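Here is a friendly walk through one protein model, going from its aromatic rings to its core and then to its pocket. Have the sequence and the 3D view at hand as you read.

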Amino acid sequence: MGISGAGQGEISAKATADVCNRLHPSLIGVNMLTIYPDSELYQEIQHGRWEEEREIEKYREIRTLLKHLEIPTQFAALGASNAFQFHRDLPKDKEALIKALDKIIETVKEEDLREYRVNLNHL
């Protein structure tokens, strides 16, 4: 989540859902983009050629992806880059997972999620 850049997450999520709905993967795993100062993408940000998504936008992107998935699959966010981790079955757990994401989006502060990202020293 986040590779499309600021303002593009939900568009990317819909396109990803479309591909997944056609391919029927048995597992869809999501991880949050983490940009390190020694990366090329960091240099793009410094030169004003790319803008990073806010952390909450990344969770909206996950929610949009989930909302548009129409296939049975496992859906997981288990990597260290994810401040909140989960592994659920779709479509059975889809609504519960969307509600959990809504709670994160509505109650968790951007600053707290950003602090997690900034202090992530390994993946």
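Two aromatic pairs turn up when the whole structure is searched. Please bear in mind that this is a predicted model. The table sets out the geometry of each pair.

| Pair | Arrangement | Centre to centre | Between the planes |
|---|---|---|---|
| Y59 and F84 | edge-to-face | 6.0 Å | 80° |
| F75 and F86 | stacked | 6.1 Å | 5° |

Let's take the edge-to-face pair of Y59 and F84 to begin with. Y59 sits in helix α3, while F84 belongs to the loop between β2 and β3, so the pair links distant parts of the chain, 25 residues apart. How accessible is each partner? Y59 has a relative accessible area of 1% and is therefore buried, given that buried means under 20%. F84, at 31% relative accessibility, is partly exposed.

The stacked pair joins two strands: F75 lies in β2 and F86 in β3, so parts 11 residues apart in sequence are tied together. F75 and F86 are both buried.

Y59 and F75 lead us on to the core. The largest nonpolar core has 24 residues, and the members that touch the most others are Y59, I62, L65, L66, L69 and F75. Which elements supply at least two residues each to this core? They are the helices α1 (9-23), α3 (55-68) and α4 (94-107), along with the strands β2 (73-77) and β3 (86-90).

L69 is a good residue to click on here. Setting aside neighbours within four places in sequence, L69 is in contact with A17, C20, N21, I28, F75, L90 and K94.

For a contrast, have a look at L23, which lies in helix α1. Is L23 buried or exposed? With a relative accessible area of 63%, L23 is exposed, because the exposed class begins over 50%. The C-alpha atom of L23 is separated by 9.4 Å from that of I71, although their positions lie 48 residues apart along the chain.

Finally, the pocket. The largest pocket has a volume of about 180 Å³, and α2 (40-46) and α5 (110-118) are the elements that give two or more residues to its lining. The residues that line this pocket are T34, I35, Y36, P37, Y42, I45, Q46, E52, R114, R117, V118 and L120. By character, the lining divides into seven nonpolar, two polar and three charged residues.

Conventions:
Residues are numbered from 1 along each chain as its sequence is written. This is a predicted model: local features need pLDDT of at least 70, side-chain atom pairs count only at pLDDT 80 or more; totals for chains, interfaces and linings use all residues. Side-chain values use heavy atoms; hydrogens and water are left out. A nonpolar core is a set of buried Ala, Val, Leu, Ile, Met, Phe, Trp, Tyr and Cys residues joined through side-chain atoms within 4.5 Å. Buried means under 20% relative accessible area, exposed over 50%, partly exposed in between (1.4 Å probe, protein chains only). Helices (H or I, at least four residues) and strands (E, at least two) are DSSP runs, numbered from the N terminus. Contact means heavy atoms within 4.5 Å. On a 1 Å grid over the protein atoms alone, a cavity is a set of points where a 1.4 Å probe fits but cannot get out, and a pocket is an open set with protein on both sides within 12 Å along at least five of seven lines; lining residues have an atom within 4 Å of a point. Grid points are joined across faces, edges and corners, and a volume is the space filled by probe spheres set on the points. Ala, Val, Leu, Ile, Met, Phe, Trp, Tyr, Cys and Pro count as nonpolar, Asp, Glu, Lys and Arg as charged, and the others, Gly among them, as polar. Rings of Phe, Tyr and Trp (its six-membered ring) pair if their centres lie within 6.5 Å; planes under 30 degrees apart count as stacked, over 60 as edge-to-face and the rest as tilted.
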